[in-house]
Amino acid sequence: NYHAFFRLLQHAPRMSPYLMDLLTPPMRLHALKAIIKSYNSPPLLPLSFLASQLGFHITDPEDPDIHAAKFARECGVVVDLQQRGIDTTLSRRADVGPPRPPA
């Protein structure tokens, strides 16, 4: 349950967020795959929604949308920066996986 994980990350006591940082990237990937499979009604899902669901508002508060877009693009998701969203229809056809090293 990625939603509960990021809520716990935001309100975790003492030093536990440092331990949870190790689990954050795989949990973001799991959540990204689930979001792409689930949301097909609006073909363009706003980056602000994606950033809040993937916990970027917690770890990168200065500009979570840009960090979410960068993460999604590295995972193979189709990102439209002009309309500030991800194309769920095209991304469902793409091979979404762990972040790839730059070519």
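**A first look at helix H6 and its surroundings**

Helix H3 (24–38), helix H4 (47–53), helix H5 (56–59), strand E2 (79–80) and strand E3 (85–87) are among the elements that cover the buried residues of H6. Welcome to this structure, which is a predicted model. The points below start with helix H6, move on to helix H3 and its partner H1, and end with two arginines in loops.

**Helix H6**

- Helix H6 takes in residues 64–74, and its buried residues are Pro64, Asp65, Ala68, Ala69, Phe71 and Ala72.
- Looking down the axis of H6, you will find these buried residues within an arc of 165°, so they line one face of the helix.
- A general rule helps here: an α-helix has 3.6 residues a turn, so residues three or four places apart point the same way.
- After H6 comes Gly76, which has a positive phi near 100°.

**Arg28, a buried arginine in H3**

- Arg28 sits in helix H3.
- Its relative accessible area is 9%, and because buried means under 20%, Arg28 counts as buried.
- Which residues does Arg28 touch, once neighbours within four places in sequence are left aside? They are Phe6, Leu54, Gly55, Phe56, Thr59 and Phe71.
- Two of these partners tie the picture together: Phe71 is one of the buried residues of H6, and Phe6 belongs to H1.

**How H1 packs on H3**

- Helix H1 (residues 2–11) packs with H3 at an angle of about 140°, and the two axes lie 10 Å apart.
- This angle makes H1 oblique to H3.
- The two helices cross in a left-handed way.
- On the H1 side, the contact is made by Tyr2, Phe5, Phe6 and Leu9.
- On the H3 side, Thr24, Met27, Arg28, Ala31, Ala34 and Ile35 take part.
- By type, the residues of this contact comprise 8 nonpolar, 1 polar and 1 charged.

**Two loop arginines with positive phi**

- As background, most residues other than glycine have a negative phi.
- Arg14 has a positive phi near 50°, though it is a residue other than glycine.
- You can find Arg14 in the loop between H1 and helix H2 (16–20).
- Is Arg14 buried or exposed? Its relative accessibility is 81%, so Arg14 counts as exposed.
- Arg84 is not a glycine either, and its phi is positive at about 55°.
- Arg84 belongs to the loop between E2 and E3.
- With 37% relative accessibility, Arg84 counts as partly exposed.
- E2 and E3, the strands on either side of this loop, are also among the elements covering the buried residues of H6.

Definitions and conventions
Residues numbered from 1 in each chain as written. Predicted model: local features only at pLDDT ≥ 70, side-chain atom pairs only at ≥ 80, totals over all residues. Heavy atoms only, no water. Buried < 20%, exposed > 50% of the residue type's maximum accessible area, 1.4 Å probe, protein only. Helix = DSSP H or I, 4+ residues; strand = E, 2+ residues; numbered from the N terminus. Arc of directions from axis to C-beta. Contact = heavy atoms within 4.5 Å. Axes fitted to C-alpha atoms, helices over the stretch in contact; angles between N-to-C directions. Parallel < 35°, antiparallel > 145°, perpendicular 65-115°, else oblique. Left-handed = near helix turned anticlockwise from the far one by under 90°. Nonpolar A, V, L, I, M, F, W, Y, C, P; charged D, E, K, R; others polar.
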